[in-house]
Every structure is written in C-alpha cells, then in structure tokens.
Amino acid sequence: MAEVYEQPRGAAASKPAHARRPGVPAWAWPLIPLVLGALALGLSLRGANDQRAGSSQPTAGNAVTDMLTVVNAADKSTFVGRPAEFANVKVQNVTGNRSFWIGPNKDQQLFVVADDPSNGGPPAAAAQVQSGQNVTVSGVIEQLQGAAEAQKTWGLDAANSAQLAKQGMYVRAKQITGAR
C-alpha cells in the first residue's frame, strides 16, 4: 500500500516542513574556515612585505638610526620603546655628569641620559662628553615620566627641563662611543 502524505492545513505547498530552515546552508560550513585562513594568511604576508619594503611604521624590534626622523616626527610617541643607534652625532650641550643633548643644531636635538653602570650603562668615564664632540649613542628611546622629576634627577636647569618636557622623550644610552 502506498503512503499518502497529507499536508497540514495552512502549510506551504511547495516544501515539506523539515526542508524549510533559515540560516547558513550546510555546504557553506566547511568553506568558512578556509576563507578565514586565507584572509589571515593574506594579512600576515602583507605585514611581512611592509617590513621588507622599509615601512615607515616603527616597530619594537627595529632600531632607529636617523635621529632627525625622531626629532622631526609629529607623533614622537611612536618611537618609545624602540632601540636607537645614532652614529656620529654632535653633542650640542652637556647638562650634567650623565646627560646631554645631541643633534645637528640647537633647534634639532634629542636629550640623552647615560644609563647607570649598575643597570648596564656605560662607565662614568665613557659617559663624559664635551659640547661640539661627535659621538655614537646606542640605547632605548624612553617616555619622559615628568619634567619636574627629570629636572631633579638629572640636575637640569629650567630651560633644559622645559625643552625636555616639550619633547616628551629621551634616549636612555647603554653605550656611548667617541666620548673622552
């Protein structure tokens, strides 16, 4: 005997009740991880290409070698935490036993503090520099925590403290070569 399918009253005549489900079709579910994987791969390759092409975006692993790039940057905070190596830069002004300004002139300079020897910084003799001398400075670019604290800690006068506050950062030098 043949089965007779009876459709309930008011139900749609075109499809049985079990076939009318809203949502993502069953065939699409295996494709979702593939699409997401391809997207992730594309984004990771794009980032690698940007680094190879000399992207101007700073990253924590890339040492900054052009002091003027830092000094002239509109947003200097993007350099905070990055290693820095500035070769053959002129000492503009010595402000203390372990602190000085470097740069080509007084309008384009960066503050340097020789790290304490107990923290991996240069010995006191290597930290002694003279105005007009060319040095190579290697260290890390740090965020200034407060001009008043810097003035007190590094013995800065009001003018140097104000200039440092305006800049908002400095180089914590682990090595200074060329110093007398």
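How many residues sit between β2 and β3 in the hairpin they form? Two. That hairpin belongs to a predicted model of a 180-residue protein in which buried residues make up 29%. There are five helices and five strands, and the centrepiece here is a closed barrel of five strands. Here's a quick tour, from the overall layout down to a couple of individual side chains.

**Overall layout**

- Reading from the N terminus, the elements go α-α-β-β-β-α-β-α-α-β.
- Take the contacts between residues at least 6 apart in sequence: 66% of them join residues at least 24 apart.

**The barrel**

- The strand order around the closed barrel is β1-β2-β3-β5-β4, and the pairing is mixed.
- On average, neighbouring strands of this sheet are turned by 55° against each other, with direction ignored.
- As a reminder, strands of a sheet pair through backbone hydrogen bonds, and the pairing can be parallel or antiparallel.
- β1 and β2 run antiparallel and are joined by three bridges; a hairpin of four residues connects the two strands.
- β2 and β3 are antiparallel as well, with five bridges between them.
- β3 and β5 run parallel, held by three bridges.
- If you want landmarks for the pairing, V94 has F100 in β2 as its bridge partner, and F100 in turn is partnered by V112 in β3.
- Another landmark is A114, which stands opposite A173 in β5.
- β2 is mostly covered, with five of its seven residues buried.

**Nonpolar cores**

- The largest nonpolar core has 23 residues, and the ones touching the most other members are F86, F100, I102, L110 and V135.
- At least two residues of this core come from each of α2 (67–71), β1, β2, β3, β4 and β5.
- Apart from it there's another core, this one of eight residues, including F111, V113, L156 and Y170.
- For a sense of how I102 is surrounded, skip residues up to four places away in sequence: its contacts then include M67, F86, V89, L110, V112, V135 and V137.
- I102 also touches some residues with polar side-chain names on the list, among them K90, Q92, Q108 and Q109.

**Helix α5 across the barrel**

- α5 lies across β1, β2, β3 and β5, and it runs at about 105° to β3.
- Which residues of α5 (158–167) are buried? They are N160, S161, L164 and Q167.
- Viewed down the axis of α5, those buried residues fall within an arc of 125°, so they line one face of the helix.
- On the other side of α5, A158, A159 and K166 are exposed.
- The buried residues of α5 pack against four strands, β1 (83–94), β2 (99–105), β3 (108–114) and β5 (169–177), and also against helix α4 (147–154).
- At the start of α5, a side-chain oxygen of D157 comes to within 3.3 Å of the backbone nitrogen of A159.
- Just after the helix, G168 takes a positive phi of about 80°.

**N160, a buried polar residue in α5**

- N160, which lies in α5, has a relative accessible area of 9%; the cut-off for buried is under 20%, so N160 is buried.
- The N160 side chain makes a polar contact with the side chain of W101, at 2.8 Å.
- Leaving aside neighbours within four places in sequence, the residues in contact with N160 are N93, T95 and W101.

**S138 in β4**

- S138 lies in strand β4 (residues 134–143) and counts as buried, at 14% relative accessibility.
- The S138 side chain makes a polar contact with the side chain of E85, at 3.5 Å.
- Beyond its neighbours within four places in sequence, S138 is in contact with A84 and E85, and also with R172, A173, K174 and Q175.
- S138 and T177 are 39 residues apart along the chain, yet their C-alpha atoms are separated by 8.7 Å.

Technical notes
Residues are numbered from 1 along each chain as its sequence is written. This is a predicted model: local features need pLDDT of at least 70, side-chain atom pairs count only at pLDDT 80 or more; totals for chains, interfaces and linings use all residues. Side-chain values use heavy atoms; hydrogens and water are left out. Buried means under 20% relative accessible area, exposed over 50%, partly exposed in between (1.4 Å probe, protein chains only). The arc is that of the directions from the helix axis to the C-beta atoms. Contact means heavy atoms within 4.5 Å. A polar contact is a pair of N or O atoms within 3.5 Å; within protein, one must be able to donate a hydrogen and the other to accept it, and residues adjacent in sequence count only if both atoms are side-chain atoms. Two strands pair if DSSP finds at least two bridges between them. Axes are lines fitted to C-alpha atoms, for helices over the stretch in contact, and angles run from 0 to 180 degrees between N-to-C directions. A nonpolar core is a set of buried Ala, Val, Leu, Ile, Met, Phe, Trp, Tyr and Cys residues joined through side-chain atoms within 4.5 Å.
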